[in-house]
Amino acid sequence: MYLCSVIKQKQFSTISTLSSILLIPSVTVFFFIFSMPLNAQATIEELDWAYAISPAFPPEEDDGSLHSLPGSDGMFTLDEARNRFGPADWYPQDHLPMPPIVAVGREEAGIMACSLCHYANGQGKPENASVVALAPEYFIQQLHDMRAGLRSSANTAKANTFNMIAFAVNMTDEEIRQAAEYYGAMNWDQWIEVVETDIVPLTFRRGGLHIPLEGDEAGEEPIGRRIIEMPVDPEGTELWRNPRAGFRAYVPTGAVSAGELLATTGGDKTIACAVCHGEELQGLGLVPPIRGRSPSYLARQLFDFQQGTRDGAWSPLMDAVVKNLSGDDIINLTAYIASLPIEPQDSP
Ligand code: HEC
Ligand code: HEC
């Protein structure tokens with residue numbers, strides 16, 4: 001308002017009293033201000049943290065030795081643990097009996113085991129998705145949207161999302177149904193710890209994850225306007241795919257309360273999330289649960305909706321929600337939503 005009135009006053013005085021030398025800049029400023037979008041949308045650069053696109057790296061050598069994890073009866077070599085068509089099942093007691101598509105995938109169709117990336121318990125990792133406790137109707141719709149070319153990543157460098165789409169294209173309806181019912185029948189457990197901070201551990205990127213540097217390379221840096229989500233047990237997650245080791249998300253100081261305001265009131269920019277996602281953001285029928293889920297995943301989805309690369313059957317309901325969100329709003333919203341605690345439930 002203040003700026004507007006200054007410009008108007010300036011125009012008035014310019015037109016009435018001063019030469020055209022002054023008129024030109026003032027008119028230019030006037031048009032510049034009014035041609036800017038009211039609310040700048042998010043950019044891919046601002047959300048770089050959510051993708052953690054990583055350089056290619058040589059895989060760790062398997063020395064053939066057997067390894068176990070705390071509380072597991074299983075012993076596996078590294079190649080067994082990361083077998084794309086039947087990865088280690090460390091804790092069979094933590095989940096229901098897996099259908100074949102989840103346990104081993106279907107190699108001749110190039111479909112990797114769902115449990116390789118999303119884990120047998122469906123808790124998933126920030127670079128993929130948490131698929132546990134999604135309503136089967138929502139889950140099925142997503143794979144159909146991917147198949148139909150209606151759901152992909154706004155960041156074309158996010159290779160694993162494109163792998164995921166290829167799996168959806170090659171899956172049978174029966175495989176989709178079995179995976180949806182399997183993951184949908186289990187509970188979502190606390191998986192992300194949100195920590196507000198100004199300073200974060202130094203990290204490097206590998207396989208779409210931020211991994212803290214260790215030893216001589218360890219250090220700290222300002223967080224800036226980013227969320228840095230990292231495994232609580234880097235080796236357990238990266239090498240052994242430990243499905244009991246979750247993640248810590250460092251978020252900028254103040255992000256949680258700023259996000260709470262947006263999420264609960266809409267704050268003139270968006271719509272209160274509970275209207276559709278349920279009072280506790282725990283999901284409501286075809287509207288998915290978002291409470292306590294990975295902020296990196298949530299941010300990528302908000303950006304995909306905004307960019308129109310996620311435009312499935314039910315995505316239009318998110319149009320008005322994301323239209324005016326800036327990169328900062330996405331940081332605040334996802335910090336808050338990820339910070340909401342998950343009540344412990346009996347597993348699976
Ligand atoms: C190579 C790793 C990988 C494998 C294997 C994998 N996925 Fe995914 N999945 C992903 C990624 C990556 C995403 C999307 C993340 C993004 O774009 O932000 C995803 C997303 C999903 C979603 C969407 C979740 C949501 O909340 O909307 C579903 C459902 C899903 N996968 C099911 C499956 C099923 C079923 C299988 C087994 C056939 C499978 N995935 C195998 C990587 C994988
Ligand atoms: C008008 C109803 C509506 C409102 C309000 C709404 N959502 Fe959604 N949301 C949906 C629907 C429907 C979907 C599923 C879209 C699809 O299938 O593509 C969804 C999906 C999402 C997803 C993707 C989840 C996943 O598992 O992939 C995120 C993230 C999300 N919403 C965040 C929010 C946030 C944050 C707010 C509040 C600021 C919000 N939504 C408000 C209807 C809504």
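Leaving aside its neighbours within four places in sequence, which residues is V194 in contact with? Keep that one in mind for a minute, everyone, and I'll come back to it.

Good morning, and thanks for coming. What you have in front of you is a predicted model, so let me start with how confident the predictor was. The mean pLDDT of the protein chain is 90, and 88% of its residues reach 70 or more. The stretch to be careful with is residues 1-37, where the pLDDT is below 50. Beyond near neighbours in sequence, that stretch has twelve contacts in the model.

Now the overall picture. The protein chain has 348 residues, and buried residues make up 36% of them. You'll find 15 helices and seven strands as you follow the chain. If you take the contacts with a separation of 6 or more, 65% of them come from residues 24 or more positions apart.

Back to V194, then. This valine sits in strand β1, which covers residues 192-197. Its contacts outside the local stretch are A249, V251, V256, A335, A338 and S339. V194 counts as buried because it has 23 C-beta neighbours inside 10 Å, and 20 or more is the cut-off. There is also a nice pairing to look at on screen: V194 and I337 are 143 residues apart in sequence, but their C-alpha atoms are 9.7 Å apart in space.

Let's move on to the core. In soluble globular proteins, nonpolar side chains tend to be buried together. Here, the largest nonpolar core has 68 residues, and Y183 and I330 are the members that touch the most others. Helix α15 provides the largest share of this core, with seven residues. The core also draws at least three residues from each of two domains: domain 2, which is 48-55 plus 189-339, and domain 3, which is 78-184.

And what does Y183 touch, once we stop counting residues up to four places away in sequence? The list is G122, V131, V132, L134 and F139. There is a second, separate core as well, of five residues, and it includes L69, F76, A88 and W240.

Next, the ligands, beginning with ligand 1. How many residues surround it? There are 26, and the closest are C114, C117, T161, M164 and A179. Helices α6, α7, α8 and α13 each supply at least two residues of that shell. Of the helices, α8, residues 159-170, gives the most, with five residues. By type, the shell around ligand 1 divides into 17 nonpolar residues, eight polar and one charged. Domain 2 and domain 3 each contribute at least three residues to it.

Ligand 2 has 23 residues around it, and the closest are C273, C276, W314, S315 and L317. Here the helices that each give at least two residues are α12 (274-277), α13 (295-307) and α15 (327-339). So that you can set it beside the other shell, the types around ligand 2 are 16 nonpolar, six polar and one charged.

Helix α6 deserves a closer look, and S115 is a good place to begin, since it lies in that helix. Is S115 buried or exposed? S115 is buried, because 26 other C-beta atoms lie within 10 Å. Leaving aside neighbours within four places in sequence, it is in contact with P87, M98, V102, A103 and A120. S115 and D89 are 26 residues apart in sequence, and 8.6 Å apart from C-alpha to C-alpha.

Last stop: the backbone in the loop between α6 (114-118) and α7 (136-147), where Y119 has its place. Phi of Y119 is near 70°, a positive value in a residue other than glycine. A133 belongs to the loop between α6 and α7 too, and its phi is near 65°, again positive in a residue that isn't glycine. Both are buried: Y119 has 26 other C-beta atoms within 10 Å, and A133 has 22 C-beta neighbours inside 10 Å.

That's my tour. If you open the model yourselves, please remember the low pLDDT over residues 1-37. Thanks, and I'm happy to take questions.

Terms used
Residues numbered from 1 in each chain as written. Chains lettered and ligands numbered in written order. Predicted model: local features only at pLDDT ≥ 70, side-chain atom pairs only at ≥ 80, totals over all residues. Near = placed C-beta within 6 Å. Helix = DSSP H or I, 4+ residues; strand = E, 2+ residues; numbered from the N terminus. Core = buried A, V, L, I, M, F, W, Y, C linked by C-beta atoms within 7 Å. Buried ≥ 20, exposed ≤ 12 C-beta atoms within 10 Å, placed from the backbone. Domains from an automatic or database assignment. Contact = placed C-beta atoms within 7 Å. pLDDT = per-residue confidence, 0-100.
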